[in-house]
Amino acid sequence: MAKILVIDDEPSILESLNMFLTEKGHTVLTAETGAMGLNLFSKKSFHVVIMDIRLPDLNGLDILQTMIEKKKSSKIIMITAFQDMETTIVAIKRGAFDYIHKPLDVVKIEKAVNRAINILEIDRETPSLEPVNEISASPWVIIGKSEKMRKIFKMMGLVCNSRVNVLLQGETGTGKELIARVIHLNSSFKDEPFVVFDSSAVVATLLESELFGHEKGAFTGAETTKMGKIEQAGNGTLFLDEIAQLPLAIQGSLLGFLQRREYTRVGGTRILKSRCRIIAACNCDLADKVNKGLFKEDLYYRLKVFMIEVPPLKERILDTPLLVEHFLNKINRELGTRVTKLQDGVMEMLVNQTWKGNVRELENTIAQALVGCRGNVLLKDDIHKLLNAKNRSHKMGLESYSLAHVEKIHITNTLSQLQWNKTNSARLLGISLPTLRSKIKKYKIHKSDTQ
């Protein structure tokens, strides 16, 4: 059972919580002021602190921050009669384990206390992950020791110091752009630009201008001369992502550039030259596109001078534990989280999951889990909820990394955090209440999903 400190200026709340928690077998100490509570907290060790935000002498949020700075393992549950969005956000941001509104529901109190105790127990029993190598701190490191990845590393080594065109083929989320960047960073021209051109992200009418640039007055709206991606790449690398999405007309212009290494800006006459190395990528079988007449055969052979097939995560399962640990450390650095442990069984769940979005989906899932983590340990329950939500979205035909899915998860988490107060949730989300109701209906979000 736990040792619990209750800080509140209402004698009735102190008495009722003391009685209720003592009956559950916990040891309870109480304080009527913030100063008394902080003094007890400093002298003794508590598993859980239940504290009112509005106290007669001190601000509960300031006490919370002082307690967190002492770096004790205590889980701090804030209670308040004022249900305002700003206070909720500040409390959670400063490290509160939970936030419960008055009038107090003893079922919610018991649930929060039991979860806090459970997390503390798991934390004690779970060893920390081994420190990662310093190389993992680089944003451009490829993780993998499987046979297929070792083969790719060798192929990358073969092309690094040449300007030969490279074609990367692999499913969405397998890390094709990362491979392209690492090839560039290991080349003799690594100090030259690395420029990305996503063929699927540009309006068709602007593709030629984005790729080759345009002269002032070349078309309506062309008020200044603009450099294209080829010109921006200079003597470096131009990464052509989703190359299969290029229209046939632009494919012809790109083929002409690759043959002559010369081009002109849209609306221009001056011939420009470029030595940039081309690395192209697609998430489909480009040869099949050629056979269907959707991709120029000559361009295909120009691009696939050297081709690397990037395997999906399901074909390199042995790399999953390495990727999990790498992303855990990376996301901790980026988000300022401190999750250094995985509850027993979490790694097995992640390894056995079918990652349709591959490495990218795995990273996004770990990021979602860490944002909602209330301790140092990534819990099985939290991962289970996330994976269940993803599996349901796949059955609905949604990709787990789609905008719609991310929006649903964000709305669900917000509603849960604010105890399903739709008015406050809509304010926090920056949308109107009718819009929130519409999205709850659209995504079939139920209160049971957030329990």
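1. Let's start with one pair of residues: threonine 80 sits opposite histidine 101 of strand E5. Keep in mind as you look that this is a predicted model. The pair belongs to a longer match, in which strand E4 (residues 75-80) and E5 run in the parallel sense, with four bridges between them.

2. Zoom out from there and you'll find an open sheet of five strands, in the order E2-E1-E3-E4-E5, with parallel pairing. Which strands are at the edges? They are strand E2 (27-31) and strand E5 (98-101), each of which pairs on one side only. Between neighbouring strands of this sheet the turn is 20 degrees on average, if you ignore direction.

3. Two helices are worth finding against that sheet. Helix H4 (residues 85-93) packs on the sheet and touches E4 and E5, and its direction makes about 150 degrees with that of E5. Helix H5 (residues 106-125) also packs on the sheet, where it touches strand E1 (3-7), strand E3 (48-52), E4 and E5. The direction of H5 makes about 165 degrees with that of E4.

4. Now move along the chain to another sheet. Here five strands come in the order E7-E10-E13-E6-E14, forming an open sheet with parallel pairing. Its edge strands are strand E7 (194-198) and E14, and each has pairing on one side only. Neighbouring strands of this sheet are turned by 20 degrees on average against each other, again ignoring direction.

5. You can follow the pairings inside this sheet by eye. Strand E10 (residues 237-241) and strand E13 (residues 277-282) run parallel and are joined by four bridges; within that match, phenylalanine 239 has isoleucine 279 of E13 as its bridge partner. Strand E6 (residues 166-169) runs parallel to E14, also with four bridges. There, leucine 168 is partnered with isoleucine 308 of E14.

6. Which side chains of strand E14 (residues 306-309) are buried? Phe306 and Ile308, which point to one face. Met307 and Glu309 point to the other face and are not buried. So Ile308, the bridge partner of leucine 168, is one of the buried pair, since buried here means under 20% relative accessible area. Helix H6 (residues 147-159) lies across E6, E13 and E14, and runs at about 160 degrees to E14.

7. Have a look at glycine 375 too, in the loop between helix H15 (358-371) and strand E16 (377-378). Leaving out residues up to four places away in sequence, glycine 375 touches Lys75, Arg338 and Val339. How far is glycine 375 from aspartate 123, in sequence and in space? The two are 252 residues apart in sequence, yet 8.0 Å apart from C-alpha to C-alpha.

8. Finally, the chain as a whole. It has 19 helices and 16 strands, and its C-alpha atoms fill a box of roughly 85 × 50 × 40 Å along the principal axes. Of its 451 residues, 47% count as buried. Take the contacts between residues at least 6 apart in sequence, and 70% of them join residues at least 24 apart.

9. As for the surface, the chain exposes about 22,600 Å², with carbon and sulfur atoms supplying 51% of that. On charges, there are 63 positive and 52 negative ones, and the mean positions of the two sets are 3 Å apart.

Key:
Residues are numbered from 1 along each chain as its sequence is written. This is a predicted model: local features need pLDDT of at least 70, side-chain atom pairs count only at pLDDT 80 or more; totals for chains, interfaces and linings use all residues. Side-chain values use heavy atoms; hydrogens and water are left out. Two strands pair if DSSP finds at least two bridges between them. Axes are lines fitted to C-alpha atoms, for helices over the stretch in contact, and angles run from 0 to 180 degrees between N-to-C directions. Contact means heavy atoms within 4.5 Å. Buried means under 20% relative accessible area, exposed over 50%, partly exposed in between (1.4 Å probe, protein chains only). Accessible areas come from the Shrake-Rupley method with a 1.4 Å probe; for residues, only the protein chains shown count as cover. Lys and Arg count as positive and Asp and Glu as negative; His and the chain ends are not counted. The place of a charge is taken as NZ of Lys, CZ of Arg, CG of Asp or CD of Glu.
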